[in-house]
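Work through the exercises below with the sequence and the coordinates at hand. Each task is followed by a solution that goes step by step.

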Amino acid sequence: MSAALLEVDIIWRQQGLKNRATFQLHAGVTALIGPSGAGKTSLARMIVGLDSPESGAIRFGEYILYNSGKKRNIPAAERNIGLVMQQSALFPHLSVEQNIRFSGVATEKLVTKAVKILSLSTLLGRRTDTLSGGETKRVAIARAIAAAPSLLILDEPMNGLDPRARGAILPMIKALGRASNVPILMITHHIEDMLRVADHAVLMQPRKVIKSGSLEDVLAAPECAELMGLADASQLLSTTITNRQNDLLTADLGGDTLYLPDLGEEMGSKATLRVFASDISIAKTRVDDISILNQLEAEIVQIEQSDNQATLTLKLTRSGLALKSRLTVQSVNRLQLTEGQRIYALIKAVSVKDIEL
Amino acid sequence: MLEPFEIEALALSFKVAVTATAVGLPIAVWVAYKLSRSQFRGKFLVETLVHIPLVVPPVVVGFALLVLFTPLSGIGRWLSEAGLNPAFTWVAAAIASGVMAFPLMVRSIRQAFDAEPIEYGEVAQTLGVDGFKRFWRVSLPLAAPGLTSAAVLGFARAIGEFGATITFAANIPGLTQTLPLALYSAAQSPGGEIAAFRLALLSLIPAVGSLLVAEWLQRRRSDVGRRSAMGRQSVKSGR
């Protein structure tokens, strides 16, 4: 992983309650996820410099943006961090093009690039109050990018957009992350948006950042499922597509072969798969007369029980990868499953959801 | 058709009111912006001072100006030595009506500044635009409707100004005698009823004029609104 670009370690108060955020931001697209009201927007406003924390430090590369000990607090106008607010806040007295060129540093090259990535060439002459929600958001993003920020923060860029507009904007954000060297911090409360766009994630529960790192790490955090309202903990599997036969793809998972529905992937391409723990069943022996195609040899490393549920941590025999499976306690008792036992993990092909759309 | 002294009074009234509005407006913008955006010591005092002409009798304001500009006072002596003392000139009439119109202008502009959503200024900051540039490129254009209504209100107030003007600038025909003052003189003189009636009718010109301008400005604005609404419609039907 590349060196940290942004380092945040701050404490702030909101409605009298103490909030704390400690995390690092790396190159690429990072999703800041958490439930509504967790304080994501407040955190963004303090990184940008629109609000001040109570104490701590914010650093971008070598620049100290905020340091309570050194009494340093660079004003927002000098931080060079772009923020696309939820409200977009396009200037109503200016045209689309004038909005994009608003910043003093918007060079011809930057404007052209922003217009291209966000497909705005046909909208330049329009008044901002004639734009649709998706168009408005794209103009706001272009305006921020044209100001040559060293970091771009997008606050819920998909909020309030219809599915079509969402579908259009997500790839643009992804392209933006790739085309420019500008790291992007995207605030969202949708796991799906994170999975489609982000390289890293920061997970926030109300008043606290609890996990940051790779998507895999953050998704696997037990708090993640609970906070994000997922039915279950989900896990990401990195696979390589190896073959295609009869509408099924085969993918290699560290020596094991997985069968997936054909989603049009190229041979040899990487595909990241998400599997819910409740979608993994256990059999003590290989089962032949069953519709489930994916049966991976594994060992039960750990069994945790809570209420009526049991979470099994499995270690795949071939790759050594860890997988979690969720069963009812009755099933565990009926099958007499114990730690250290060799079993087969049954994964339904359709439950392996491709997310690299 | 119009007597020379009537034309003179009308022209003088315009000169006085236009000057009062033109000089007062930028100051009103500055004061309104400070009151709307800044927290400073003595803010309450400034607010009270600005609004005094609204609540005290105009004659008192005129008298206060007279005292302020008398050659016995500091400012008055300094101006007299420089040969610039405005007392009993048309400039005095402009100052008197400007002071009376000032609070109305500040109120109208301040409302416009207060109504600006905070996000615009914040976005401008994140784009590296702050301070005077931010005021000039964001707040001022967004407050434009407030500015035009401030100008119309201020002009109407200035052109009708009587008490402060007659006290500070006196009622000198051809020099400081604006329409209301001329009307007052005519109404006071025996047999001046016809002249007073004519002056009253004449006073309608600037009054109706400023109303028409206000109406025209408002119409132009709502036209823009309608156009943009139509634009939205055509976008939707185009899909």
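A residue is called buried when its relative accessible area is under 20%, exposed when that area is over 50%, and partly exposed in between. The model is a predicted one, which should be kept in mind throughout.

**Exercise 1. Surroundings of Arg45(A)**

Place Arg45(A) in its chain, decide whether Arg45(A) is buried, partly exposed or exposed, and find the salt-bridge network to which Arg45(A) belongs.

Solution. Begin with the secondary structure: Arg45(A) is part of helix H1 of chain A, which covers residues 40–48. Next take the accessibility: because its relative accessibility is 18%, and the limit for a buried residue is under 20%, Arg45(A) counts as buried. Then list the contacts, setting aside neighbours within four places in sequence: Arg45(A) is in contact with Leu50(A), Asp51(A), Met85(A) and, from chain B, Glu122(B). The side chain of Asp51(A) joins that of Arg45(A) in a salt bridge, with 2.7 Å from N to O, and Asp51(A), at 32% relative accessibility, counts as partly exposed. Salt bridges link Arg45(A), Asp51(A) and Glu122(B) into a network. As a last step, consider a residue remote in sequence: Asp155(A) is 110 residues away from Arg45(A) along the chain, while their C-alpha atoms are 9.8 Å apart in space.

**Exercise 2. Two further salt bridges**

How many salt bridges does a search of the whole structure find over all chains, and what is the burial state of Asp193(A) and of Arg134(B)?

Solution. The search gives 16 salt bridges over all chains. In chain A, the side chains of Asp193(A) and Arg166(A) meet in a salt bridge of 3.0 Å, N to O. This pair links distant parts of the chain, since Asp193(A) belongs to helix H7 (residues 191–197) of chain A and Arg166(A) to helix H6 (residues 163–179) of chain A, 27 residues apart. Asp193(A) is buried, with a relative accessible area of 4%. In chain B, Arg134(B) forms a salt bridge with Asp130(B), and the closest N and O atoms are 2.8 Å apart. Here Arg134(B) is buried at a relative accessible area of 18%, whereas Asp130(B), at 32% relative accessibility, counts as partly exposed.

**Exercise 3. Aromatic pairs and charges over rings**

Classify the pair formed by Phe14(B) and Phe155(B), and state which parts of chain B this pair ties together.

Solution. A pair of aromatic rings is described by the distance of the centres and the angle of the planes. Over all chains there are ten aromatic pairs. For Phe14(B) and Phe155(B) the centres are 6.0 Å apart and the planes make an angle of 40°, and the pair is tilted. Phe14(B) lies in helix H1 (residues 4–37) of chain B and Phe155(B) in helix H8 (residues 144–159) of chain B, so the pair ties together parts that are 141 residues apart in sequence. As for accessibility, Phe14(B) is partly exposed at 33%, while Phe155(B), at 13%, counts as buried. Ring pairs also link Tyr33(B), Phe113(B), Phe132(B), Phe135(B) and Trp136(B) into a cluster. Finally, look for charges over rings: Lys15(B) lies over the face of Trp90(B), 4.4 Å from the ring centre, and the charged end of Arg143(A) sits over the ring of Phe91(A), 4.8 Å from its centre.

**Exercise 4. Two loop threonines**

In which loops do Thr176(B) and Thr128(A) lie, and what do they touch beyond four places in sequence?

Solution. Thr176(B) lies in the loop between helix H9 (163–168) and helix H10 (179–188) of chain B, and is buried with a relative accessible area of 0%. The residues that Thr176(B) touches include Leu12(B), Phe88(B), Trp90(B) and Leu181(B); Trp90(B) is also the residue whose face Lys15(B) lies over. Thr128(A) is found in the loop between helix H4 (108–117) and helix H5 (133–146) of chain A, and is buried at 11%. Among the residues that Thr128(A) touches are Leu90(A), Phe91(A), Pro92(A) and Asn99(A); the ring of Phe91(A) also has the charged end of Arg143(A) over it.

**Exercise 5. A nonpolar surface patch**

Which residues form a nonpolar patch on the surface of chain B, and where is the place of Leu201(B)?

Solution. The patch consists of Phe197(B), Leu201(B), Leu204(B), Val208(B) and Leu212(B), which together have about 510 Å² of accessible area. Leu201(B) is located in helix H11 (residues 193–237) of chain B, and at 47% relative accessibility Leu201(B) counts as partly exposed.

Definitions and conventions
Residues are numbered from 1 along each chain as its sequence is written. Chains are lettered from A and ligands numbered from 1 in the order in which they are written. This is a predicted model: local features need pLDDT of at least 70, side-chain atom pairs count only at pLDDT 80 or more; totals for chains, interfaces and linings use all residues. Side-chain values use heavy atoms; hydrogens and water are left out. Patches are made of residues with over 30% relative accessible area and no salt bridge: like charges are joined within 9 Å, nonpolar side chains (Val, Leu, Ile, Met, Phe, Trp, Tyr) within 5 Å. Accessible areas come from the Shrake-Rupley method with a 1.4 Å probe; for residues, only the protein chains shown count as cover. A salt bridge is a side-chain nitrogen of Lys or Arg within 4 Å of a carboxyl oxygen of Asp or Glu. Helices (H or I, at least four residues) and strands (E, at least two) are DSSP runs, numbered from the N terminus. Buried means under 20% relative accessible area, exposed over 50%, partly exposed in between (1.4 Å probe, protein chains only). Rings of Phe, Tyr and Trp (its six-membered ring) pair if their centres lie within 6.5 Å; planes under 30 degrees apart count as stacked, over 60 as edge-to-face and the rest as tilted. A charge sits over a ring if NZ of Lys or CZ of Arg is within 6 Å of the ring centre and within 35 degrees of the ring normal. Contact means heavy atoms within 4.5 Å.
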